[in-house]
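Biologist: Could you pull up the model, so that we can go through it together?
Modeller: Here it comes, and please keep in mind that this is a predicted model.

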Amino acid sequence: MRKDLRLQRGWGQQIVFLGPCLLFFLTIVVTPFFLGFYYSSTDWNGLDLDKAVWTGAANWRRIFTNDDKFWESLLFTLRFTVISVVAANVLALLLAFILMTTLKTKKLLRTIFFMPNVIGGILLGYIWQFIFTKGFATIGELTGISFFKLPWLGTPSTGFWGLVIVFVWQTAGYMMVIYIAALAGIPKDLVEAAKIDGARAPQLFKSVYVPLIMPAITICLFLTTSNAFKMFDLNLSLTKGGPGTSTQSLAYNIYAEALINNRYGLGTAKALLFFAAVSLITVTQVWLTKRKEVSA
């Protein structure tokens, strides 16, 4: 009898504490996700539910056979992701090594490098838009340096690199903190033993540091890869996909299709493909880097 009462009381506590969260999760996340499979096969403007017309596989056929902008956005996103992930992680790891030294200002510098991550992407995009269009132009006029005279955000090439610069600037500080935590956990006796055996800096990095911080590398690669692939707010505020659609990310393409062109069904189909692509890429990346992890 007492056991039954305890069991009922336990279930009651779980319902009280987890019930509201589970209800909101089902309502806000799970239900819209499964509804997306239905709407991806409809012709719907996103406003009037009674005007959602079932079209079967028409949206999917259009994506794969008659939507060049979608595939151009995908290629742009893949190129942006590869370059941004490499640049952000290399810079973050370099900063982590520098700030693990005995610099007197290392705490202040850690704070300064981390601060861009606190700023929201939309606000950050508008700040850098002003820097690229006004700040760089002024510096170029005063110094005559050709780098600052470039038509930043005015061409497909400069627009692409502008997005990369801002993304890396925003992301590197957060990744740096993760790398610092990993480096701080490396046993000093292992490093000292390697030095006594004659290991130089490149050998130390390759054979001691990298294997032992591989869990942090896995986390940082996962975060930067998923964030770069899903990049939307910087794209919206910095270039709006322009000039034309030359810097349109996949996320922005889906947004434009659903909310600007009012083709919500087609946009939902693209979003499902986007979800599958992000899941496949990130799961593969985690699986590959997990295999290289070792314990100290």
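Biologist: What is the angle at which α12 and α13 pack, and how far apart are their axes?
Modeller: The two helices pack at about 160°, and their axes are 7 Å apart. Angles over 145 degrees count as roughly antiparallel, so α12 is roughly antiparallel to α13.

Biologist: Which residues make the contact, then?
Modeller: From α12 the contact uses Leu250, Ala251, Asn253, Ile254, Glu257 and Ala258, while α13 contributes Tyr264, Leu266, Gly267, Lys270, Ala271 and Phe274.

Biologist: And is that crossing left-handed or right-handed?
Modeller: The crossing of α12 and α13 is left-handed.

Biologist: What is unusual about phi in Asn262, and where does the residue sit?
Modeller: Asn262 lies in the loop between α12 and α13, and its phi is positive, at about 55°, although the residue is not a glycine. Most residues other than glycine have a negative phi. With a relative accessibility of 43%, Asn262 counts as partly exposed.

Biologist: What about the loop on the other side, between α11 and α12?
Modeller: That loop holds Lys240, a residue other than glycine whose phi is also positive, near 55°. Lys240 is partly exposed, its relative accessible area being 45%. Pro243 lies in the loop between α11 (233-239) and α12 as well, and the peptide bond joining Gly242 and Pro243 is cis, with omega about 0°. Most peptide bonds are trans.

Biologist: Switching to α10, what end-to-end distance should the helix have, and what does the model give?
Modeller: Helix α10 has 16 residues (214-229), and at 1.5 Å a residue it should span 22 Å; its end C-alpha atoms are 22 Å apart, so the model agrees with the expectation.

Biologist: Which of its residues are buried, and what do they pack against?
Modeller: The buried residues of α10 are Met214, Ala216, Ile217, Thr218, Cys220, Thr224, Thr225, Ser226, Ala228 and Phe229. They pack against α3 (68-98), α7 (156-184), α9 (201-212), α12 (250-260) and α13 (264-290).

Biologist: How do α3 and α10 cross?
Modeller: Their axes come within 9 Å and cross at roughly 145°, and α3 passes α10 in a right-handed crossing. The α3 side of the contact includes Leu74, Thr77, Phe80 and Val85, and the α10 side includes Cys220, Leu221, Thr224 and Phe229.

Biologist: Where is Arg291, and is it buried or exposed?
Modeller: Arg291 is in the segment after α13, and with a relative accessible area of 58% it is exposed. The C-alpha atoms of Arg291 and Thr218 are separated by 10.0 Å, although the two residues are 73 apart along the chain.

Biologist: Last topic, what does UniProt list for this chain?
Modeller: The unreviewed UniProt entry gives "transmembrane region" for residues 15-39, 76-100, 112-132, 160-186, 207-229 and 271-288, and it carries "domain: ABC transmembrane type-1" for residues 74-285.

Biologist: How much helix does the model have in the annotated domain, and in 112-132 and 160-186?
Modeller: Residues 74-285 are 79% helix and 0% strand, with the end C-alpha atoms 18 Å apart. For residues 112-132 the helix content is 71%, with the end C-alpha atoms 21 Å apart, whereas residues 160-186 are 93% helix and have end C-alpha atoms 37 Å apart.

Key
Residues are numbered from 1 along each chain as its sequence is written. This is a predicted model: local features need pLDDT of at least 70, side-chain atom pairs count only at pLDDT 80 or more; totals for chains, interfaces and linings use all residues. Side-chain values use heavy atoms; hydrogens and water are left out. UniProt positions are given in the numbering used here, feature names are shortened, and annotations may be inferred rather than shown by experiment. Helices (H or I, at least four residues) and strands (E, at least two) are DSSP runs, numbered from the N terminus. The expected span of a helix is 1.5 Å times one less than its number of residues. Buried means under 20% relative accessible area, exposed over 50%, partly exposed in between (1.4 Å probe, protein chains only). Contact means heavy atoms within 4.5 Å. Axes are lines fitted to C-alpha atoms, for helices over the stretch in contact, and angles run from 0 to 180 degrees between N-to-C directions. Angles under 35 degrees count as roughly parallel, over 145 as roughly antiparallel, 65 to 115 as roughly perpendicular and the rest as oblique. A crossing is left-handed if the near helix is turned anticlockwise from the far one by less than a right angle, and right-handed if clockwise.
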